[in-house]
Amino acid sequence: MKLLRKLFAKRPAPRPTRPTRLGLEQLEARELLDSTPVGPPIHLHNSLIASVAQAEFLQDNGQLSRTDISNLLDVVDGTESAVFTKGQVSFVPAMPNSQATLAALQLTDLQTLVHDAAAWHLSAPVANLLGKTVNQNPANDTYQGAPLLPTGQLTAGTSDTVLQDLVDKWFYGTDLPATAAAAANNNIPDTVVYKTAQGVLFGPNGPSPNDIAQGWVPDCYFMSALGEIAQQSPQTIQVALSADFSGLLTGETAQHSGLLTGEIAQQSPQTIQSMFINNHDGTYTVRFFEYDAANNTWQADYVTVNLELPVLQQSGQFAFADWYQGGRPTTYTDTSAVLWPALAEKAYAQLAAEGWSRSTGPGGSGNNSTPSDWNTNSYDALAYGDGVALQQIGGSNITQNVVLAKASTSDETALEQAFAHGSLVIFGSLAQEPSGMPTNTAGAPLIISGHVYALTAVNATKGLFTLVNPYDDSSCWAPDGQRTVTLTWSQLKQYLNGYFVVAPPPISPEHAVVQNGQNTGVNGHAQAVNIQWFDNGKPIASLSQLHQGDTVTVTFDTLAGAAETEFSLVAYAAPNGTFDDSNIDQQQEWKLGLKEEVKYQPFDDSNIDQQQEWADTTGTYTGAGQHSLTVTLPDGYFQLDFVQGAAIADFGTGERYQSDGRYLAGGGYHSDY
């Protein structure tokens with residue numbers, strides 16, 4: 001649709017000014033505690049920064065929140081003054097000195113706060129954003145389309161107004177992505193301007209792939225990824241937007257490109273939920289994952305967005321994501337519009353200026369069609385990409401790229417199983433539509449060329465696969481294709497180029513889920529004999545036969561005279577292939593479902609504490625008897641341990657089942673993809 005329209009758009013209206021920060025003063029006017037168990041770190045040397053940071057730390061019960069850091073930065077840049085009264089610190093607006101500059105000691109102390117973030121109990125998003133503010137970052141080169149810091153780095157003597165701009169950029173989302181190039185390159189028939197959206201973050205049932213509505217920018221690879229995750233792990237998207245800080249494809253062409261977001265909403269809606277943090281001031285902090293090549297992992301990275309979104313000036317209809325939602329045009333005044341896809345897209349545009357997310361190198365979603373302005377804060381930077389966006393949203397490291405022309409029935413079975421276990425799947429169509437492509441009564445083709453689709457349902461019994469098109473405007477523009485299509489395996493092979501599979505996003509439970517038992521810790525060291533394992537009720541000879549999401553049972557006997565002993569069956573979620581101390585010195589190779597072999601490094605004491613307890617079942621027994629314990633495994637990487645005594649919830653404490661003499665059976669295992 002977009003390429004057939006010939007009208008060009010004017011440049012968007014000027015960016016909004018610095019936001020009003022609501023309610024900061026009264027939030028900070030809290031009495032100091034009479035006694036505080038942990039005092040603030042003492043490694044700050046600028047007297048004002050030290051005084052404010054230490055007072056805030058004490059008043060905020062031993063932490064520095066986003067509000068605390070924002071106030072501190074405002075004091076440094078001169079837009080606020082700190083008032084100390086009887087053990088309280090509060091903040092009042094101030095008139096900044098336009099001639100003032102950043103002192104060397106001030107910059108050093110701000111950088112020290114980032115370095116010592118753990119000691120100051122800064123949350124990961126706050127520490128990340130503070131680091132981008134005071135340390136080097138390519139995105140600091142410009143602000144609101146104008147040069148800011150040529151090196152991307154604050155230095156002593158930099159004007160305080162530059163720091164003010166950086167605070168607004170990173171903590172308040174005022175550096176809005178440029179829209180002019182995207183408007184011109186996609187023939188948008190109206191001027192694109194920014195307006196404050198009046199909708200809701202999520203619909204009544206949380207993130208859904210039905211929320212995805214690609215607009216004028218060709219970013220189908222991204223929009224489909226969001227939809228897929230919202231289906232399978234919506235809390236990943238929702239938590240990030242609703243909590244606060246304290247707490248392939250190669251078939252895609254230049255004509256159609258835009259679906260990654262939908263796949264994540266489908267398969268991992270919790271990933272969508274945890275992607276957003278509501279700052280309760282009209283801004284949201286949005287999380288992505290950056291590839292760490294040295295450790296072969298994905299590390300969280302954050303940007304902040306406000307509610308200003310690009311719309312068509314005459315109609316008020318959203319220009320990009322949320323263009324058509326629910327099959328109808330959506331405007332910024334629509335109070336029922338679901339905004340998370342548009343906010344995620346906007347955040348991704350801002351992220352592009354950091355120089356890694358849209359590259360064609362490892363960890364980047366760029367491809368041969370990606371425009372030359374891929375590393376700018378702009379919507380045009382999002383044009384054309386690949387399945388890496390799934391990993392950037394969900395943080396998973398296992399991938400599989402399958403060309404359908406070469407795929408077999410065993411690949412079909414493996415795909416069905418992977419999807420059933422929560423894996424994320426997006427499909428890329430052929431560069432040219434094959435002859436005889438079916439259309440509906442409105443003339444919309446079944447599948448359009450050079451496009452990305454999210455897999456939202458699989459009927460393994462009937463061999464049917466349901467795909468969702470990120471375009472939701474076929475009612476007004478049939479060439480954008482049908483919204484939902486259900487195809488057989490042979491039709492997939494006929495109409496599509498291939499698919500890209502990513503493991504479910506890592507699970508990060510806040511605490512252990514105790515399914516049964518008390519975790520008493522009683523350990524009389526009773527023996528467990530005749531140990532047998534069952535997977536979904538069927539006996540198995542080896543734990544290597546287990547799959548993510550399976551229900552696992554261990555049966556065993558205790559002998560006459562056995563002292564009272566608690567036994568625990570514990571499942572852990574892990575960020576990658578993991579192994580306990582019994583095989584820590586080994587590397588393990590697993591063969592995955594789609595005929596690809598991947599080697600994983602073992603878990604050693606430097607990273608074993610990254611595992612998180614997912615579920616445990618316990619029982620305490622005395623004397624002779626036959627017993628069983630059952631847990632359900634998490635999706636993704638997992639470890640399973642059968643032990644004496646209570647479960648270890650946190651390996652960071654230094655506890656180990658092996659060294660404690662409590663380990664009976666288990667080990668680290670792979671995810672299906």
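## Helix α13, two sets of strands and the aromatic pairs

Just after helix α13, Gly-422 takes a positive phi of about 100 degrees. This is a predicted model, and the helix that comes before this glycine is a suitable place to begin reading it. Helix α13 covers residues 409-420, and its twelve residues reach 17 Å from the first C-alpha to the last, which is close to the 16 Å expected at 1.5 Å a residue. The buried residues of α13 are Asp-411, Glu-412, Ala-414, Leu-415, Glu-416, Ala-418 and Phe-419, a list that holds the charged residues Asp-411, Glu-412 and Glu-416 together with Leu-415 and Phe-419. An α-helix has 3.6 residues a turn, so residues three or four places apart point the same way.

The chain as a whole gives the setting for these details. The protein chain has 14 helices and 29 strands, and of its 673 residues 59% count as buried. Its accessible surface comes to about 25600 Å², of which 50% belongs to carbon and sulfur atoms.

Among the strands, β28 (residues 638-644) has seven of its seven residues buried, so it is largely enclosed by the rest of the structure. Phe-638, Leu-640, Phe-642 and Gln-644 point one way from this strand, while Gln-639, Asp-641 and Val-643 point the other way, and all of them are buried. Strand β23 (residues 565-573) pairs with β28 in the antiparallel sense over seven bridges, and within the two strands Tyr-572 stands opposite Gln-639 of β28.

A further group of strands forms an open sheet of four, in the order β21-β20-β22-β27 and with antiparallel pairing. Its edge strands are β21 (538-540) and β27 (625-632), each of which pairs on one side only, and neighbouring strands of the sheet are turned by 30 degrees against each other on average, direction ignored. Strand β20 (residues 529-535) pairs with β21 in the antiparallel sense over three bridges, and Trp-533 stands opposite Ile-540 in β21.

Trp-533 also leads to the aromatic residues, since ring pairs link Trp-533, Phe-556, Phe-567, Tyr-621 and Phe-642 into a cluster. Phe-642 of this cluster is one of the buried residues of β28. The structure holds 18 aromatic pairs. One of them joins Phe-222 and Tyr-348, whose rings are stacked, with 4.2 Å from centre to centre and 5 degrees between the planes. Phe-222 counts as buried because its relative accessibility is 0%, and Tyr-348, also at 0%, counts as buried for that reason too. In another pair, the rings of Trp-323 and Tyr-324 have their centres 5.7 Å apart and their planes at 45 degrees, so this pair is tilted; both Trp-323 and Tyr-324 are buried.

Charged side chains meet aromatic rings as well, and the table sets out two such contacts.

| Charged residue | Ring residue | Distance of the charged end from the ring centre |
|---|---|---|
| Arg-66 | Tyr-172 | 5.0 Å |
| Lys-169 | Trp-170 | 5.5 Å |

In each row the charged end sits over the ring: that of Arg-66 over the ring of Tyr-172, and that of Lys-169 over the ring of Trp-170.

Conventions
Residues numbered from 1 in each chain as written. Predicted model: local features only at pLDDT ≥ 70, side-chain atom pairs only at ≥ 80, totals over all residues. Heavy atoms only, no water. Phe/Tyr/Trp six-rings, centres within 6.5 Å; stacked < 30°, edge-to-face > 60°. Buried < 20%, exposed > 50% of the residue type's maximum accessible area, 1.4 Å probe, protein only. Lys NZ or Arg CZ within 6 Å of the ring centre and 35° of its normal. Expected span 1.5 Å × (residues − 1). Pairing = 2+ DSSP bridges. Axes fitted to C-alpha atoms, helices over the stretch in contact; angles between N-to-C directions. Areas by Shrake-Rupley, 256 points an atom, 1.4 Å probe, with all protein chains shown as cover.
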